[in-house]
Amino acid sequence: ANAGARAERPRRDLDKACRRAGCVPGPDGACKRPPGWLATKIVGVGWKKTGTTSLQAAFRALGLEPECQCSSLRQLDAFKATQDSAFSWNVTLVAEAKARYPAAKFVLTWRDPAAWNASIAHWTTSVKPWAFERYARFMGDGVPGSAAFLAAYSRHSELVRTLFRDEPDRLLVLNVEDDGAADAMRRLCAFVEPALLRVEPACRGPFPWHRLDCARRGARSNATCDDVQGHGSSRYKDKGTD
């Protein structure tokens, strides 16, 4: 009888962790996510080319759906998670979301400013030139690649960090060049819901960085490689990290 009780204990512990994560333990031992399994919202607030596409992939791996690129709080009301525009550049909107959703959590993706500036300058001149004026308008100072644009990027990130000084547990900063893929995914899982570390297989895998530039590999710091290798099997031809 004692042996049987000991054998059942790991399953009971896993079931408890599953329920703490807001999920339902299935008969096969898998942790199932019911609709609305997470009561809060997760909002990506990092600027473009800091890992926003990769963050979207991580959201989907964790079942944080429906997910959107919401441009207003009215839109976000209907979604579980968002990243990129307009929360990536509008700090006023971030502050409004912080107040409107007291349980929401925010993820600031970040990369070295010089590498980011070179990446976004390339992106808006060679890959998506039609976005050059739009990004300049979003930033509100300078044009992509300029010193003023770079300073505005650093100012945006500092404003976001300052906004959460009173509630630091609601902000996670992920550095796309310094955080290892496995560590970044564990940190995101623990931030979203600590119980996920026990029950979500994706939390044991790498963060799905979609693009890694030369600066990350240490080849050179100007983010001008012609060939970029991601963590998966796909190869990409654009420079920088989405």
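Which residue is the bridge partner of Phe106 in E7? Select Phe106 and look across to E7, where the partner is Leu171. What is on screen is a predicted model, and the stops below begin from this pair of strands.

**The whole chain**

Before going further along the strand, colour the protein chain by secondary structure, which shows 10 helices and 9 strands. Of its 242 residues, 48% are buried, and the accessible surface amounts to about 11,200 Å², with 52% of that area belonging to carbon and sulfur atoms. If you list the contacts whose separation is 6 or more, 60% of them are between residues 24 or more positions apart.

**The sheet and its edge strand E7**

Next, select the open sheet of 5 strands, which runs in the order E4-E5-E3-E6-E7 with parallel pairing. Its edge strands are E4 (67-68) and E7, each of which pairs on one side only. Strands of a sheet pair through backbone hydrogen bonds, in either a parallel or an antiparallel arrangement.

Keep E7 and add strand E6 (residues 105-110): the two pair in the parallel sense over 5 bridges. Besides the pair that opened the tour, Leu108 has Val173 as its bridge partner in E7. Although E7 is an edge strand, 4 of its 5 residues are buried, so the strand is largely enclosed by the rest of the structure.

Move now to Asn175, which belongs to strand E7 (residues 171-175). Is Asn175 buried or exposed? Its relative accessibility is 14%, and because the cut-off for burial is under 20%, Asn175 counts as buried. Once neighbours within four places in sequence are set aside, the residues in contact with Asn175 are Trp110, Arg111 and Trp209.

**The nonpolar cores**

In soluble globular proteins, nonpolar side chains tend to be buried together. To see this model's largest nonpolar core, which has 23 residues, start from Ile42, Leu62, Leu64, Val107, Leu188 and Phe207, the members that touch the most other members. Helix H2 (52-61), E7, helix H8 (181-192) and helix H9 (196-199) each supply at least two residues of this core, and the largest share, 7 residues, comes from H8.

Centre the view on Ile42 and, leaving out residues up to four places away in sequence, show what it touches: Phe59, Leu64, Lys80, Ala81, Thr82, Lys105, Val107 and Val192. A second core, separate from this one and made of 19 residues, can then be picked up through members including Leu73, Leu76, Phe87 and Tyr101.

**Helix H6**

Select helix H6 (residues 132-139), in which Tyr135, Ala136, Phe138 and Met139 are buried. Turn the view so that you look down the axis of H6: the buried residues fall within an arc of 160 degrees, so they line one face of the helix. The face turned away from that buried side carries Glu133 and Arg137, both exposed.

What do the buried residues of H6 pack against? Add helix H5 (113-127) and helix H7 (147-163) to the selection, for these are the two helices they pack against. Just after H6, stop at Gly140, whose phi is positive, at about 80 degrees.

**The disulfides**

Finally, show the cysteine side chains; a search of the whole structure finds 2 disulfides. A disulfide is a covalent bond between the sulfur atoms of two cysteines.

One of the two joins Cys189 to Cys203, with an S to S distance of 2.1 Å. The torsion about its S-S bond is about -95 degrees, so this disulfide is left-handed. The pair links distant parts of the chain, 14 residues apart, with Cys189 in helix H8 and Cys203 in the loop between H9 and helix H10 (214-217). Cys189 and Cys203 are both buried.

The other joins Cys68 to Cys70, where the S to S distance is 1.7 Å. The link of Cys68 and Cys70 is left-handed, with -90 degrees about the S-S bond, and both Cys68 and Cys70 are buried.

How values were computed:
Residues numbered from 1 in each chain as written. Predicted model: local features only at pLDDT ≥ 70, side-chain atom pairs only at ≥ 80, totals over all residues. Heavy atoms only, no water. Buried < 20%, exposed > 50% of the residue type's maximum accessible area, 1.4 Å probe, protein only. Contact = heavy atoms within 4.5 Å. Areas by Shrake-Rupley, 256 points an atom, 1.4 Å probe, with all protein chains shown as cover. Arc of directions from axis to C-beta. Pairing = 2+ DSSP bridges. Core = buried A, V, L, I, M, F, W, Y, C linked by side-chain atoms within 4.5 Å. Disulfide = S-S within 2.5 Å.
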